[in-house]
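Welcome, and thanks for taking a look at this one with me. Here are a few notes to read alongside the structure.

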Amino acid sequence: MALAINIEDLLNKQKIESNRIEFKKGWNPGSIYHSVCAFANDFDDLGGGYIVIGVDTDDETGVAIRPVEGISTEKIDGILQDIVGYNNKITPYYMPRTSVEEVDGKSVLVIWCPAGINRPYSVPENVTAKNHTKEYFYIRSGTSSIIAKGEVLDELRELASRVPFDERGNGDIQPTDISMILLRDYLAKVGSKLADEVALRPLDKILDQMELYTGPKENRVIRNVAAMMFCENPSKFFPYTQIDVVTFPNGKLKDPNNFTEVTFKGCIPQMIKQTMDYIKSNILKEYVRKVAGQQEAERYWNYPYEAVEEAVVNSCYHRDFLQHEPIEITIEPESISILNCPGPDRSISKEAIEKGDMLKSRRYRNRRLGDFLKELDLTEGRSTGVPTIQSKLAENGSPRATFETTDDRLTFLVTIPVHKSCLEGLEAEMKNSKKSSGTQSKSSGTHPKSSGTRQRNIDRVLELIAADPQITAPKIAMFLGISTRGVEKNLRALREAGVIRRIGSPTFGGHWEIVKNKGE
């Protein structure tokens, strides 16, 4: 059976944490089955692990030595037969997946051990012994498999009642709900050989090989994560699986009625990509500032892409899909805020959340979803989200992000502040724009704007488009200090007059083009 991940990523310890990978030069079932049991128990909720047989490692670095040792085909056939028997010695029964992969012109055997749904598991101390030997519960400790004892064993037994939501079976999900296109696209992106088999083999065989089925043979059901990743409309099963992006050009408090809202739906990878494409095209902007006495100019972004992406990905990964609440991203002149439901579990202290350095939890709501997102390079790994956000902001010269939750942990709010220089420049430009547009006297009350004021706004709109063809209506409104609706009226007038035209989609990129001067 082919792996659902690229073998080179395993050998290079990329996309999968090193403590989830174990290399073995040869077949030693005694120690190997301690690791099989430990990965199945998945004490740290990491998603199981992989054992690669036929690969030697450097004693100091633990990195795979290339070219690999490999295993002869004759031995592999015997090992696979042994594995069938040894699986029966694990209590309760557990069956890891195996795959023979070609590396450096040789064959290696990969044993994939996904987290078991019937943990805790135990295995004899020596599976090769003819007589029954004492059984132990094994867990991973760093890169080793050890016997669980005392309080650790008690906690391991408690895990039996905690199956992450995305790993649970869902009888409402049918094979017809799974998109073959989305499935193959994912497998191709991660470099899996299964991508070539999607069109040739029955879908249920592919899903079974990817451990996306659960339950007994007579009642196999598809796991929730399959719909999250490979269903075009997961809202059918998890209502409000969507991201709402709301932009307040003048700020939510200052001008609450002036906003634009865009909603993104679809499978989780699509939802993340569409959201980030929108933010990249409409919100993110690089600034260049000349510094006196310095040859190179300073470059910085209003928001670093990587920090925003990490926050968006984490909001999808950690959300509770049983709660019918969308992820809401609010964009204001001074910050981007991401509101998610619910908040972190209570194993993370409120002090740690407010400190905003690292939020480490051992209770993951959607651990398998995290594996998929990591394999797509959308996230680096568990407990690295907050440090990644803070480090990317620091590299950009931006203030630190803040993290908030309520006492009842119903919500989680991540606020990414704009670069200080961008905020100062924006305030100055808005003041200048207001001065150039003229101001009404305080005693004049509220009157319609004069034609002269509107003409100046139209001229200013053209100037902003000439300076930045990709500028959006909310940004123009922010610069001019008028409503987005007013800007759209000006843009419509210019388009009807044939002065400007739109090239490409206004939602996913595109730009303005000045066709002729307004006076022509």
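What volume does the second largest cavity have? Keep that in mind as you open the file, and please remember that this is a predicted model.

1. The second largest cavity has a volume of about 80 Å³. Its lining is made up of Asn19, Arg20, Ala38, Phe39, Asp42, Phe43, Asp44, Leu46, Gly48 and Arg140. By class, that lining splits into four nonpolar, two polar and four charged residues.

2. Now for the wider set: there are six cavities of 30 Å³ or more in the structure. The largest cavity holds about 190 Å³ of space. It is lined by 18 residues, and Tyr50, Trp112, Arg368, Asp371 and Glu375 are the closest to its centre. Helix H11 (residues 367-375) gives the largest share of this lining, with four residues. Here the classes are 10 nonpolar, one polar and seven charged.

3. Arg140, which you met in the lining of the second largest cavity, also forms a salt bridge with Glu22, with the closest N and O atoms 2.5 Å apart. This pair joins distant parts of the chain, since Arg140 sits in strand E6 (residues 135-141) and Glu22 in strand E1 (residues 21-24), 118 residues apart. Both Arg140 and Glu22 are buried.

4. For a contrast in setting, try Lys189 and Asp185, whose side chains meet in a salt bridge at 3.2 Å, N to O. The two are four residues apart in helix H5 (residues 180-189), so about one helical turn separates them. Lys189 counts as exposed, at 55% relative accessibility, while Asp185, at 37%, counts as partly exposed.

5. Arg220 pairs with Asp208 in a further salt bridge, the closest N and O atoms being 2.4 Å apart. Arg220 lies in the loop between strand E9 (213-214) and strand E10 (221-223), and Asp208 in helix H6 (residues 203-209). Both are partly exposed: Arg220 has a relative accessible area of 33%, and Asp208 is at 23%. They also belong to a network of salt bridges that includes Asp42, Arg97 and Glu167. The structure holds 22 salt bridges.

6. Finally, have a look at helix H12 (residues 385-396), which has 12 residues and reaches 17 Å from first C-alpha to last, close to the 16 Å expected. Among its buried residues are Val386, Ile389 and Leu393. Their cover includes helix H9 (305-318) and strand E18 (412-417). After H12 comes Gly397, with a positive phi near 80°.

Terms used: Residues are numbered from 1 along each chain as its sequence is written. This is a predicted model: local features need pLDDT of at least 70, side-chain atom pairs count only at pLDDT 80 or more; totals for chains, interfaces and linings use all residues. Side-chain values use heavy atoms; hydrogens and water are left out. The expected span of a helix is 1.5 Å times one less than its number of residues. Buried means under 20% relative accessible area, exposed over 50%, partly exposed in between (1.4 Å probe, protein chains only). Contact means heavy atoms within 4.5 Å. On a 1 Å grid over the protein atoms alone, a cavity is a set of points where a 1.4 Å probe fits but cannot get out, and a pocket is an open set with protein on both sides within 12 Å along at least five of seven lines; lining residues have an atom within 4 Å of a point. Grid points are joined across faces, edges and corners, and a volume is the space filled by probe spheres set on the points. Ala, Val, Leu, Ile, Met, Phe, Trp, Tyr, Cys and Pro count as nonpolar, Asp, Glu, Lys and Arg as charged, and the others, Gly among them, as polar. A salt bridge is a side-chain nitrogen of Lys or Arg within 4 Å of a carboxyl oxygen of Asp or Glu.
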